[in-house]
Amino acid sequence: MNRTSQPDPIRLEIFKNLYQFIAEQMGIVLQNTATSVNIKERLDFSCAIFDTSGFLVANAPHIPVHLGSMSESVRSLINDKGNSIKPGNVYLSNNPYNGGTHLPDVTAITPVYLDGANLPSSPIFYVASRGHQADIGGITPGSMPPNSTTIEEEGILFDNFLLVEEGNFQEAQLREVLGNHRYPARNPDQNIADLKAQIAANERGVQELQKMVFQYGLQTVQAYMLFVQNNAEEAVRRAIDVLKDGTFTYHMDGDAVIKVTVTINKQNRSAVIDFTGTSQQLDTNFNAPSSVTQAAVLYVFRTLVDDSIPLNAGCLNPLEIIIPESSMLNPVYPAAVVAGNVETSQTIVDALYGALGVMAASQGTMNNFTFGNARYQYYETICGGSGAGADFDGTDAVHTHMTNSRLTDPEVLETRYPVMVESFGIRSNSGGKGKHTGGNGVIRKIKFLEPMTANILSSHRIIPPFSLQGAENGQLGRNSIQRSNGNKENLGSIGTVEMQPGDIFIIETPGGGGFGATPT
């Protein structure tokens, strides 16, 4: 193949799928080699390919909040390390102020080189995998503390840490960082095992990209990376063509407000997404790093595209995103951010859909449930109802929007941890009624068989998921404890409790909002 200034449509489709296939292969390796339930069973990870400048080219269909933000981590590495990056190196980052989401989401980044003489001395691509560690330190097991107020309380921060130096795994240095912290990691062996799995996943990506270059030539492979990004840009511009201006103000349980104004420029086929008016940086952990805010915007506009395109940097080119400095959507160190990634990201998405009039709010929360002690640490997100739209009902019991993980199979959960799934089912009539009805949430009950600390980090326990066009809101979620002696304790949106044998933690997740008034 010769380099061309215009893509061949057939080759464009081939390369688009090749790039996605490589990211998918990385994900398969990561799942197969990881040891934690969080990565191996819940699939709370993402893999992607980036161009020589660190811009996203293609991804596997993993976790949207990861995929839309990882590019910031890769570009931070390039800016920070520059010419010191060498073949065989792998870097580690979870810095929320440099492209990270929250501290448990740890990204391994590997530069891709070609062997031989007369070849580029700098990386030709980058591959990265982001996995949610079961515990990375912090004040509570599972590193999802409901009441953290600083980043230190949420765990250990890595900022372009050299994990592998020219092929040599830096285990001693890694263990030093994991242990030398005010709130150290509780299970370094598991951290190391999962990070080795991420390294292996990246190596698969390196090998597959090198094969592609060998087969098609470097110029062609890099040219079609650009063509794939340009194709995504044009697809988003076509989606913008049919949108109208809109604004939306979204009130959260903790009194924070997200305001977004979308302004469409028909002539330029572009959009300005302006978050001016949003609450200032919070004292709680519901601050969302700017990379998370960008990821939410990228996700929304990607979902408006009917074409089959990979989520990539081209999708952002028609969009101007304005995020006020030191707001809850663009916090500065040492702001706590653990809930911003999982909860506020969902709020941003629903606010954007509300501004565009596309669909009612989904459950608007990931219902983050963690429990553990010195020996065990576990984290899960729990499904709920999705919002209805102008021509569709919501869906029952699904993970919505920025999360795409799954629940651990009961057999695996009960084998690996001293708990029992007491019951798990759909929460009937929790979706908002309307011409199109919102999806139903679920009720999940977990019985504890030995003492542990349990945490819930959730939303829409005070303010219900909104409806549109005269329909009903989705039902509020509820969190409670059924003690072994029969007493019941109600919790709010967030909470930390000590569980004893026989105690049951009950999580009732919200339903989605309805769309359109019910016909009379």
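Buried means under 20% relative accessible area, exposed over 50%, and partly exposed in between, with a 1.4 Å probe and protein chains only. This is a predicted model: local features need pLDDT of at least 70, side-chain atom pairs count only at pLDDT 80 or more, and totals for chains, interfaces and linings use all residues. Residues are numbered from 1 along each chain as its sequence is written, and side-chain values use heavy atoms, without hydrogens and water.

**Exercise 1.** State what share of the protein is buried, and judge its compactness.

Solution.
- Of the 520 residues, 60% count as buried.
- The radius of gyration, taken over C-alpha atoms, is 22 Å.
- The globule rule (2.2 Å times the number of residues to the power 0.38) gives 24 Å for 520 residues.
- The two values are close, so the protein is as compact as a globular protein of that length.

**Exercise 2.** Describe the largest nonpolar core.

Solution.
- A nonpolar core is a set of buried Ala, Val, Leu, Ile, Met, Phe, Trp, Tyr and Cys residues joined through side-chain atoms within 4.5 Å.
- The largest one holds 59 residues; Ile258, Val260, Ile273, Phe275 and Phe301 touch the most other members.
- Elements giving two or more residues include α7 (218-240), β9 (257-265) and α9 (338-356). Helices (H or I, at least four residues) and strands (E, at least two) are DSSP runs, numbered from the N terminus.
- α9 gives the largest share, ten residues.

**Exercise 3.** List some contacts (heavy atoms within 4.5 Å) of Ile258, leaving aside neighbours within four places in sequence.

Solution.
- Ile258 touches Phe248, Tyr250, Phe275 and Met328, among others.
- Its partners also include Thr344, Ile348 and Ala351.
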